[in-house]
Amino acid sequence: MAAPDDAPVAAMAESVLSSILARNERLGKTSRLLGRMCFVGQLPGQQQRQLLAWHKSAVAKLTTDAAPEGVTGLLLLYPAHFMHVIEVRTAPRRAVSARAPAGPPLSRPRRAPPVRRAPQAELSQLSDFAQQLVPLAAAGEMALEVRVLASTDDIPARLFPAWLSSTVGQHSGGSLRGEGVVHVPMPARIADAYTGVLKLGRALGSAKKADRDAMLNDLRIRHAAALPTQEVLAEVSQADDALAVDEFVDIFCRPIDIKLDREVVWPIETEIVY
């Protein structure tokens, strides 16, 4: 009896990541993708000025590598919390790329294929920014309970015209869902807060440059419904539905370490049928 033809199976043995990279290459996205991340955290005391200076320094470092477009986004400083959305051109993720090595058909015992790790230089600049926030949150001097509300590696366009900041002050009014909403699940609260800031970015992007400063000073008046309230940020910054920045870095920003129960991965073990 002839051995089964495993060529079709071997042809499908490409990793999902390889397919994504091939698609990006067809679309001309081999050099830089546009990414966006959103963070929220607590302020221990009156630390708005210090946290603003830290963010300006961190953004300046990214701007050097992201030229000519630079970094765009919005930092909102509340009395006890902050929210930050950042957009930057970043290298495509190539953390792991595994191919099935050439060799005997898959019907024979086979060991796990080697995993090629990417150099640190290929990691996302947004990931680098998130990693800078880990020691900042751990020290607890300028920020506490820093969480990642959203992270997108490939967005169609920027919403913010530049990197901007605004000291919001006390803000308790306005709601994207309108009045009379008694209970909103936490994932929906997170989505509302993130969507609200993106609405602010669209409004700032459509305004003339000379009018932006006035808009930033009057966000509570002009865009009260879109501006997240301090009560929402207080809840979101402690919600388990949003990953803490150190957990996010461990899961998404570190090189993947694949651990197998055994070296032989083919043929697949069949369950014992009683």
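**Salt bridges, cores and a helix pair**

Biologist: Which class, buried, partly exposed or exposed, does R189 count as at 23% relative accessibility?

Modeller: In this predicted model, the relative accessibility of R189 is 23%. Burial requires a value under 20%, and exposure one over 50%. R189 therefore counts as partly exposed.

Biologist: With which residue does the side chain of E235 meet in a salt bridge?

Modeller: The shortest route to the answer is the N to O distance, 3.0 Å for the pair that E235 forms. The pair links distant parts of the chain, with E235 in helix α8 and its partner in helix α5, 46 residues apart. E235 is partly exposed, at a relative accessible area of 36%. The partner of E235 in the salt bridge is R189.

Biologist: How far apart in sequence are the parts that R36 and E87 tie together?

Modeller: The side chains of R36 and E87 form a salt bridge with an N to O distance of 2.9 Å. R36 belongs to strand β1 and E87 to strand β3, so the bridge joins separate parts of the chain. Both residues count as buried, R36 at 7% relative accessibility and E87 at 0%. Along the sequence, the separation is 51 residues.

Biologist: What distance lies between the closest N and O atoms of R147 and E145?

Modeller: R147 counts as buried at 9% relative accessibility, whereas E145 is partly exposed at 39%. A salt bridge requires the nitrogen to be within 4 Å of the carboxyl oxygen. The pair R147 and E145 forms one, with a closest N and O distance of 3.6 Å.

Biologist: What is the phi of E145?

Modeller: E145 is part of strand β7. Its phi is positive although the residue is not glycine. The value is near 50 degrees.

Biologist: Which residues touch the most other members of the largest nonpolar core?

Modeller: The largest nonpolar core holds 33 residues. Ranking its members by the number of other members touched places four residues at the head: L74, L76, M83 and L149.

Biologist: Which element gives the most to this core?

Modeller: Elements that supply at least two residues each to the core of 33 residues are β1, β2, β3, β7, α5, α6 and α8. The greatest contribution is 9 residues, and it comes from α5.

Biologist: How many residues are in the second, separate core?

Modeller: L74, one of the residues touching the most members of the largest core, contacts M83, V197, L200 and L204, among others beyond four places in sequence. The second core is separate, and its members include F39, I86, L133 and M142. The size of this second core is 30 residues.

Biologist: What distance separates the C-alpha atoms of L76 and P228?

Modeller: L76 lies in strand β2 and counts as buried at 0% relative accessibility. P228 is one of the residues that L76 touches, along with others including F82, V168 and L219. L76 and P228 are 152 residues apart along the chain, and the distance between their C-alpha atoms is 9.5 Å.

Biologist: Is D240 buried or exposed?

Modeller: D240 is placed in the loop between α8 and β9. Its C-alpha atom is 9.9 Å from that of P187, which is 53 residues away along the chain. Since exposure begins over 50% and the relative accessible area of D240 is 73%, D240 is exposed.

Biologist: At what angle do helix α4 and helix α9 pack?

Modeller: Residues S127, A130, Q131, L133, V134 and A137 of α4 meet V245, D246, F248, V249 and C253 of α9. The residues of this contact comprise 8 nonpolar, 2 polar and 1 charged. The crossing is left-handed. With axes 8 Å apart, the two helices pack at an angle of about 145 degrees.

Biologist: Among contacts between residues at least 6 apart in sequence, what share joins residues at least 24 apart?

Modeller: The protein chain contains 9 helices and 10 strands, and 41% of its 274 residues count as buried. Among contacts between residues at least 6 apart in sequence, the share joining residues at least 24 apart is 83%.

Key: Residues numbered from 1 in each chain as written. Predicted model: local features only at pLDDT ≥ 70, side-chain atom pairs only at ≥ 80, totals over all residues. Heavy atoms only, no water. Axes fitted to C-alpha atoms, helices over the stretch in contact; angles between N-to-C directions. Helix = DSSP H or I, 4+ residues; strand = E, 2+ residues; numbered from the N terminus. Left-handed = near helix turned anticlockwise from the far one by under 90°. Contact = heavy atoms within 4.5 Å. Nonpolar A, V, L, I, M, F, W, Y, C, P; charged D, E, K, R; others polar. Core = buried A, V, L, I, M, F, W, Y, C linked by side-chain atoms within 4.5 Å. Buried < 20%, exposed > 50% of the residue type's maximum accessible area, 1.4 Å probe, protein only.
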